[in-house]
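Q: Please take a close look at one part of this predicted model. I would like the strand pairing described, and then the salt bridges and loops that go with that part of the chain.

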Amino acid sequence: MSDKKSKRGRFWLIIFALLLVIGIIAVVKSGSSTVSVAEKTVLFAEIRGELSEISTEEAFPPFTPENPVTHQGLLKMFRKAKKDSRIQRIVLKIENPSALFSKLTELREAIEDFRTTGREVWAYLSVADDADYYLASACNKIFIQPYGMLMLDGLVSERLYYKNTLEKIGVEFEAARRGKFKSAVETYVGTGLSNEDRIQREAYLKLFDSAMVAAISSSRKISKESFLEMRTNKAWLRDDDAVAMGYADSALFFDQLKGLLKNEYNESLESKLFISRKNYENVSVESEDFETEQVAVVYIMGGIVDGKGGAGNTGDEPIVKALNEIARNSEIKGVLLRVDSPGGSAVASDKIKLAIENIKNQGKPVVVSMSDLAASGGYWVAMNANKIVASPYTITGSIGVFSMKPNIQKLQSMIDLKRDVITTSKYADGFNLFQKFSPEMMVRFDAMVDGIYQRFLANVAEGRGKSIASIDSIAQGRVWTGLAAKEIGLVDELGGFYKALEVLKEAAGINPETKLALVEYPKPTSIFETIFEEEEDVVSIKEIFFTSLRKNLTKEILSSLFGPIYSESAASHFEHAVYFLKANASLIPVVALPYEETIH
């Protein structure tokens, strides 16, 4: 035992020494460079990768030289630059950001808001799809890389179906669901789109497409008819075609674009003319207003899971802990719950809902701001708020429940696996994975799911002040856009993050002219906090390592299998499929959208 403790002590001593050295290097590096902003400055910002609302991990300079691009970080950047007259122009390098139309529309609005100052925003594209171009078209000018391409071929909503694939390896799923539109189970028990799923998907895809076409046509001064004709007959535009047809203003390499700006501002030194998004985050703007009232902003991102969460999910434990802290903090006048989640565990969602009720009981209003997704469990956590604000393009609703059980009887036979069972009662082995449900067990399984659905309906009815029957008529697991959700009473107002803050001010009785200090939760986790967790949680370090390793291996395997058609979304689908298999093997009731809720 003492030898084990000695080894553990040496391990932590080595870790501490390494971190001390790294920390010293970081301090020296950060202290050796200062950020200055000239009277005429051009701000460069990349918009790429997965646009999470916020980063849940604190940047550590030696290992993370570039702060991650987040949706909230970009919104704050635009608002700060609007007040800062030294920022003469913003140049956006748009490289396939992973976001749906709610976030993209908020960013478009932020660009347009900055442009009201008379200053310009330029976009730079290389190979761009519809979503990239939708965002870029809000800018004054669009530059495309030589040999680049605009792939303006329309929107696609895709899902993967595993039923036949799983049967090849001897695995079959049995499912119980409430809500004829609750299509998540179809991924595992179906072979294609059901009529109900087709109806709801076509509805929101049609709205997104019409909004995109209208915005691009208006911004680029191209008629809708011309745009639709181009999309039907050409769809993919080379750089020269894009310029000739008015979809881009010029074809330049990025260094040539920099040269153009240097000539315009008569400045040869890049360090005096240009500033990066990362460096600008550390710049204070003297004209910034001083905040006088505190409100909390609590982010729920990714799947809602039981426990601590992680790996792109939100666990109920840290959120409930944060909400309880907020309830006790007399300085915080209200809560903005920002939801970007397809849902998940019904149990975890209900724990968060109860914590929200506790805050309301303390006299503090809670306003929900829905981002790209706030569906199923994502709606569960929102339904009891004082007000719900959604973008017209939010995907919400999906009020329904399902649970699934894998049956590996065929696999058992294929690998000649023998199993003997001794039980003490009739149903003791009823949920085993080696055979299908008996008719009696299926009745009990189905009743469990129905019970949760009835509670879901009752909670929504109470939160929205409606009858259970009226909620059931618009529930059934159906997905709605924010625009439609307002019409049927599932949300109160339409707008983005800052619109929701205005609604929160009113609900909290805060003067509209009063400035707000936003206290964000969950707090980013530093590398020091990760390593020096409590003793019983030391295993989490190993879990973090192997989770990262598995993700990288998944990426390598899928890249080698699919080559140039590999995408980050394919890896994401794989990860979520594994999560669903794991969750439903233990019969967790799930209130979630299909994780293949991708539009591109």
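A: The account below starts with strand β4, moves to the salt bridges, and ends with the backbone of some loops and one helix.

The model is a predicted one. Strand β4 covers residues 141-151 and runs parallel to strand β3, residues 120-129, with 7 bridges joining the two. Within this pairing, Ala 123 stands opposite Ile 142 of β4. Between the two strands the chain passes through helix α4, residues 130-136, and the resulting β-α-β crossover is right-handed.

Strand β4 also pairs with β8, residues 250-251, in a parallel arrangement with 2 bridges. There, Ile 144 has Ala 251 of β8 as its bridge partner. With β7, strand β4 runs antiparallel, and 3 bridges join them. Met 149 stands opposite Arg 238 in that strand. In a regular strand, side chains alternate between the two faces of the sheet.

The chain reaches β7 (236-238) from α8 by a loop that holds Ala 235. Phi of Ala 235 is positive, near 70°, although the residue is other than glycine. Ala 235 has a relative accessible area of 11% and is therefore buried. A second non-glycine residue with positive phi, about 55°, is Lys 221. Lys 221 sits in the loop between α7 (195-220) and α8 (224-233). In contrast to the buried Ala 235, Lys 221 is exposed, because its relative accessible area is 73%.

Helix α7 also takes part in the salt bridges, of which the model has 34. Asp 197 and Arg 201 form one of them, with 3.1 Å between the closest N and O atoms. Both residues belong to α7 and are 4 residues apart, about one turn of the helix. An α-helix has 3.6 residues a turn, so residues three or four places apart point the same way. Asp 197 and Arg 201 are both buried. They are linked with Arg 159, Arg 177 and Glu 186 in a network of salt bridges.

Other salt bridges link distant parts of the chain. Glu 172 pairs with Lys 436, the closest N and O atoms being 3.4 Å apart. Glu 172 is in strand β6 (residues 172-178) and Lys 436 in the loop between α16 and α17, a separation of 264 residues. Glu 172 counts as partly exposed because its relative accessibility is 25%; Lys 436, at 42%, is also partly exposed.

Lys 351 and Asp 316 form another salt bridge, with a closest N to O distance of 3.9 Å. This pair joins helix α14 (residues 346-361), which holds Lys 351, to helix α13 (residues 316-328), which holds Asp 316; the two residues are 35 apart in the chain. Lys 351 is partly exposed at 41% relative accessibility, whereas Asp 316 is buried at 3%.

The loop that carries Lys 436 also holds Ile 415, between α16 (409-414) and α17 (439-464). Ile 415 is exposed, because its relative accessibility is 53%. Together with Met 414 and Leu 417, Ile 415 forms a nonpolar surface patch of about 300 Å² accessible area.

Further along, helix α20 has 12 residues, so at 1.5 Å a residue its expected span is 16 Å, and its end C-alpha atoms are indeed 16 Å apart. Its buried residues include Phe 497, Leu 501 and Lys 505. Gly 509, just after α20, has a positive phi of about 70°. Finally, Tyr 521 and Pro 522 are joined by a cis peptide bond with omega of about -5°, and Pro 522 lies in the loop between β22 (516-521) and α21 (527-531).

Technical notes
Residues are numbered from 1 along each chain as its sequence is written. This is a predicted model: local features need pLDDT of at least 70, side-chain atom pairs count only at pLDDT 80 or more; totals for chains, interfaces and linings use all residues. Side-chain values use heavy atoms; hydrogens and water are left out. Patches are made of residues with over 30% relative accessible area and no salt bridge: like charges are joined within 9 Å, nonpolar side chains (Val, Leu, Ile, Met, Phe, Trp, Tyr) within 5 Å. Accessible areas come from the Shrake-Rupley method with a 1.4 Å probe; for residues, only the protein chains shown count as cover. A salt bridge is a side-chain nitrogen of Lys or Arg within 4 Å of a carboxyl oxygen of Asp or Glu. Buried means under 20% relative accessible area, exposed over 50%, partly exposed in between (1.4 Å probe, protein chains only). The expected span of a helix is 1.5 Å times one less than its number of residues. Two strands pair if DSSP finds at least two bridges between them. A crossover is right-handed if, with the strands pointing away from the viewer, the path from the first strand over the helix to the second runs clockwise.
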